[in-house]
Amino acid sequence: MTRYKKQDPEITRRKFINAAMGTSAGVGVLSLVSALGSAKPVFRLTADVAPPMKGDVLVHAEGPNQGQVVKASELSDKLVRAYPKGRDSKGTEVIRDKDPTNILAVYKFAPGTLKEPTKLDATIDAQIVAYGDRCTHAGCNVGDDPKTSGHMFCPCHSGQYDATQGCRVLGGPPPAPLPQLPIKQEGDQLVVTGFFLSRPYGFNKEEDWEEYIKKVEEAMA
Amino acid sequence: MNQWLDERLHISRLNDKFLRKAFPVHHSFFLGEITLFSLIVLIITGILLALAYEPSNSLVVNSFDPGTPDKQNLIPAAYHSALKINAMPFGDMLRRVHHWMANIMVAAAVVHMMRIYFTGAFKKPREINWWIGMLLLIFAALTAVTGYILPYDNYAFQTVGVVYAIVKSVPWVGDWLAQAAFAGQFPGAGIIPRIYGYHIMLLPGILLALTGAHMLIMIKQKHTQPQYAKRLAYKKIVGVPLMTQQTPIMLILALLFTGLVMLFAAYIPVHPIEVFGPPSSTPIPNIKPDWYLLWVFGALAIIPGFELELLGGSINAEFIGAMVFPGIVIGLMFAVPMLDRAKDNQYYAENPTNHPVRLAAGTAFMAFMLMLSLAGYKPDLIQAGLLTTANSNAILWILVIVVPVVIYFVTIGIVRMIRALREADERDSLAHAHADD
Ligand code: FES
């Protein structure tokens, strides 16, 4: 052990190499991260992923009548799943089934069954009502509760909704009711009169949903 | 020729270093091997499956049921190719073996970890291998989940929807993260190719690299020695060498094990994709993840829904239940080697009853996981009328908390009893030894 520290020229060289390696590692990682940016493709709002909107006609989403217009006369208190059918920029008809959030649950209840907080003026004669059918918890499709008519049961984590009361949450983890879709009747078909009245699954805040609506209105005008 | 090879590849050194590695003689030391064999079979069956699989979710005409010319029956190409795999000779069998092997691999890994934990084999100097083992477990689960999505039937579709929701629930960056991970908004046009890449390249690569590290470290550090080795030759490695004694044992075990899995794969069908059908909006009743993820699912089911704004990001029950909570549990498991402060290296496997707190904590932890898994059955329990919407959360929460506590104290009690009996035995034999003199 000596009391004097010997200045070793090797050290500075080592330092230089370390610094050089550090820098190149940094640059390398940065460029990798920027390359990672390509992992997220750009989102294009096309007619088939656009949300249900004014003027769309509801068509069956499943079963033998898939793709055909949902008739008001064939509805009951059993859930009927539907997709909105609209037009793209060229005017050809397109079923908006590429975004799972567009799936709808349509019911027809006996007069007097539908109550607040359902927006009654967005239903047909306070009897036919449409909701978005993706659970607000994790986006599973919600089905009928086999035990109580008018109630809905999510098979994923037992979320429960009351379809006769604005799909408010009866139990389970869902944080918000299913969104109601305003509709009217034209002949025997159901026509959408606007956007979902509250945020559907996938939007954490009302503002996000409203912002998205604005974007859709601009893009689809 | 031997010499020719040896001069170039130094096989004799390999022989001394690796092939003479001593394996302890105890059946519990085969659990890790079973995990390894399952991984090998998984890779072989996986390659065969990949040869026949078409990784694309663009729609094609179903060749088994084309529909009519004006209304064609279109299904995703991935689902179509899965149907074709089922139709090819032994194709269904291949899928079954792959499926069951994956389950057995995770099961064997879990039991293997229990052995490590209860015998204290995670202690110094083997901490690193415990951590690598944990990573292996996590990546094995991720690989399994991505594998579930590939057939792209309705079940897979609904599953990937929930997985997407979980990734998306991360505050601030969730949206970007989910879109980057799943190639765009769910279900993006490139979702299946993306997950295919994960399942056949990225994740198996990670698994193989980790397995390699795991085993190299194990060879370097040697196994912990079973207790009998202490009596036989203190501080010496006791066991059978890999070459030539352990190898036939391993081969027999591997073949027997694979044969057994093949046998029951022949009888037990897996995941009937024909029944679930192509992706649709029809919910699947009783949808559940695999058993090793059921505890996360259970946590999600009993954590009540809430949303909280924090600095512009929103934190919801989904994030807490599927990210934060499992993070804590996995973090705890990672921390296991830190519980032991011993400075000395651990040579011998410990008798679990000599460490009652560790033993009881382990059993309580397992009870905790089991109870959470039970909570995963909440929708079914409600539908069966055993619980109601109103009381289910309370009852399940009580079970999740109380049962592990009870198990903890019961274990401690049992260990006390065992030790009292053992001491009595020792006193007895001591007394008799004196009498014999
Ligand atoms: S997704 Fe419906 S309750 Fe979780």
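What follows is a chat about a predicted model with chain A and chain B.

Reader: Hi! Before we start, what should I know about the model and the numbering?

Author: Hello! This is a predicted model, where local features need pLDDT of at least 70 and side-chain atom pairs count only at pLDDT 80 or more, while totals for chains, interfaces and linings use all residues. Residues are numbered from 1 along each chain as its sequence is written, chains are lettered from A and ligands numbered from 1 in the order in which they are written, and side-chain values use heavy atoms, with hydrogens and water left out.

Reader: Great. Let's take chain A: how many helices and strands does it have?

Author: Chain A has 2 helices and 12 strands. Here helices (H or I, at least four residues) and strands (E, at least two) are DSSP runs, numbered from the N terminus. The order from the N terminus is α-β-β-β-β-β-β-β-β-β-β-β-β-α.

Reader: And what is its radius of gyration?

Author: Chain A has 27 Å, whereas a compact globule of 221 residues would have a value near 17 Å. That radius is taken over C-alpha atoms, and the globule rule is 2.2 Å times the number of residues to the power 0.38. The C-alpha atoms of chain A fill a box of roughly 100 × 45 × 30 Å along the principal axes.

Reader: What share of chain A is buried?

Author: Of its 221 residues, 45% count as buried. The cut-offs are relative accessible area under 20% for buried, over 50% for exposed, and in between for partly exposed (1.4 Å probe, protein chains only).

Reader: Which contacts in chain A join residues at least 24 apart, in percent?

Author: Among contacts between residues at least 6 apart in sequence, 54% join residues at least 24 apart. Contact means heavy atoms within 4.5 Å.

Reader: Now chain B, please. What are its basics?

Author: Chain B holds 17 helices and 8 strands, and its C-alpha atoms fill a box of roughly 100 × 70 × 45 Å along the principal axes. Buried residues make up 45% of its 437 residues. For contacts in chain B with a separation of 6 or more, 76% are between residues 24 or more positions apart.

Reader: Back to both chains. How many residues does each one put into the contact?

Author: Chain B gives 40 residues and chain A gives 39 residues. Together they bury about 3,100 Å², with 53% of it on carbon and sulfur atoms. Buried area is the accessible area (1.4 Å probe) that two parts lose on being put together, summed over both.

Reader: How many salt bridges cross the interface of chain B and chain A?

Author: The rule finds 0 salt bridges there, where one would be a side-chain nitrogen of Lys or Arg within 4 Å of a carboxyl oxygen of Asp or Glu. For polar contact, the rule finds 3 residue pairs across the interface, both residues at pLDDT 80 or more. A polar contact is a pair of N or O atoms within 3.5 Å; within protein, one must be able to donate a hydrogen and the other to accept it, and residues adjacent in sequence count only if both atoms are side-chain atoms.

Reader: Which parts of chain B touch chain A?

Author: Elements that each supply at least two residues are helix H7 (154-168), helix H8 (174-181), helix H13 (294-302), strand S7 (307-310), strand S8 (313-316) and helix H16 (378-383) of chain B. The largest share, 5 residues, comes from H7(B).

Reader: Switching topic: where are the cis peptide bonds?

Author: One runs from Lys124(B) to Pro125(B), with omega near 5°, and Pro125(B) sits in the loop between helix H5 (91-118) and helix H6 (127-149) of chain B. Another runs from Phe186(B) to Pro187(B), with omega near -15°. Pro187(B) lies in the loop between H8 and helix H9 (191-221) of chain B.

Reader: Any odd phi values in chain A? Which residues should I click on?

Author: Try Asp125(A), where phi is near 55°, a positive value in a residue other than glycine. Asp125(A) is in the loop between strand S4 (104-108) and strand S5 (128-132) of chain A. Ser158(A) also has a positive phi, near 60°, and its place is the loop between strand S7 (151-153) and strand S8 (160-162) of chain A.

Reader: Is each of those two buried or exposed?

Author: Asp125(A) counts as exposed, at 61% relative accessibility. Ser158(A) is buried, with a relative accessible area of 0%.
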